[in-house]
Amino acid sequence: PEQNPMSPRPSTSAPGPFDGPGELRALCREFDWSSTSLGPVDDWSPVLRTAVQMVLSSGLPHIILWGEDLIQIYNDSCAELIRSKHPASLGRGSLEIWPEVAHITQPIFERVFEGETVTSEDALYPIFRTATMEDVYLTISYSPIRGEAGDVAGILVAMVETTQNVAFRSLQTEREQLYVDLDVERRRLMTIFEQAPAY
């Protein structure tokens, strides 16, 4: 049967890794990836393209660190978390952008490139994401992303900031300790009062 020339033709091109709405997708489309060790987007492996699509679609903060240079690609939620480090972090190496926590992250990266998944709860990261260093707590997981040959080609970082929860628990602990100290002091004073001679 003859095809209707007015009917839509099926698309033959695969969707790009940055297709869709959002600030980071737009920035990724504009970014000159050929200036990085990742090379032009058209040359990216299917694994990297799929991983990027998944990260950019996630509602929770995620970062991909790809290759030996640990080139960063992250989503909108992560941009909110890293604050002033955005947008300079995009397409740059993790150790270059986050030197203040390299002593924490570099040993983790080495373990992940060996094939291990590393997860920490309420981990302390003293970082500059504003003008001053902050103690930021994260529940964070680093997972290996394997390439077509089965080797670890990159790292998927998923995180949730828990700074407020940690601060709240710390205040609770201090308050409970204060009550304990007050009770000890009350008992001590009662003992002194009871042992005092009567006149």
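Which element gives the most to the lining of the largest cavity? The answer is β4, with three residues, and the way to that cavity leads through the fold as a whole and through two of its helices.

The model is a predicted one, in which local features need pLDDT of at least 70 and side-chain atom pairs count only at pLDDT 80 or more, while totals for chains, interfaces and linings use all residues. Residues are numbered from 1 along each chain as its sequence is written, and side-chain values use heavy atoms, with hydrogens and water left out.

The protein has six helices and five strands, where helices (H or I, at least four residues) and strands (E, at least two) are DSSP runs numbered from the N terminus. Read from the N terminus on, these elements follow the order α-α-β-β-α-α-α-β-β-β-α. Of the 199 residues of the protein, 37% count as buried; buried stands for under 20% relative accessible area, exposed for over 50%, and partly exposed for what lies in between (1.4 Å probe, protein chains only). Among contacts (heavy atoms within 4.5 Å) between residues at least 6 apart in sequence, 48% join residues at least 24 apart.

Helix α2 comprises the 12 residues 46-57, which at 1.5 Å a residue should span 16 Å, and its end C-alpha atoms are 17 Å apart, which agrees; the expected span is 1.5 Å times one less than the number of residues in the helix. The buried residues of α2 are Leu48, Arg49, Ala51, Val52, Val55 and Leu56. They cover an arc of only 165° around the axis, which puts them on the same side of α2, the arc being that of the directions from the helix axis to the C-beta atoms. An α-helix has 3.6 residues a turn, so residues three or four places apart point the same way. The face turned away from this buried side carries the exposed residues Pro46, Met54 and Ser57, whereas the buried residues of α2 pack against α1 (23-30), β1 (62-66), β2 (71-74), β4 (133-146) and β5 (152-161).

Helix α5 (102-113) can be read in a similar manner. Its 12 residues should span 16 Å at 1.5 Å a residue, and its end C-alpha atoms are 16 Å apart, which agrees. Ala102, Thr105, Ile108, Phe109 and Val112 are buried in α5. Seen down the helix axis, these buried residues fall within an arc of 140°, so they line one face of α5. On the other side of α5, His103 and Glu110 are exposed. The buried residues of α5 pack against β1, α4, β3, β4 and β5. One residue of this helix, Thr105, has a relative accessible area of 7% and is therefore buried; leaving aside its neighbours within four places in sequence, Thr105 is in contact with Leu95, Tyr125 and Tyr142.

A search of the whole structure finds one cavity of 30 Å³ or more, and the largest cavity has a volume of about 220 Å³. On a 1 Å grid over the protein atoms alone, a cavity is a set of points where a 1.4 Å probe fits but cannot get out, and lining residues have an atom within 4 Å of a point; grid points are joined across faces, edges and corners, and a volume is the space filled by probe spheres set on the points. The largest cavity is lined by 17 residues, of which Ile63, Trp98, Ile140, Tyr142 and Met159 lie nearest its centre. The elements that give two or more residues to this lining are β1, α3 (76-82), α5, β3 (118-128), β4 and β5. By class, the lining has 14 nonpolar, three polar and no charged residues, with Ala, Val, Leu, Ile, Met, Phe, Trp, Tyr, Cys and Pro counted as nonpolar, Asp, Glu, Lys and Arg as charged, and the others, Gly among them, as polar.

Some details of the backbone remain. Most residues other than glycine have a negative phi, and most peptide bonds are trans. Leu70, in the loop between β1 and β2, has a positive phi near 55° and, at 6% relative accessibility, counts as buried. Arg83, in the loop between α3 and α4, likewise has a positive phi near 55°, but at 39% relative accessibility Arg83 counts as partly exposed. A cis peptide bond, with omega about 5°, joins His86 and Pro87, and Pro87 lies in the loop between α3 and α4 (94-97).

Key:
1 Å grid on protein atoms, 1.4 Å probe; cavity = no way out; pocket = protein on both sides within 12 Å on 5 of 7 lines; lining within 4 Å.
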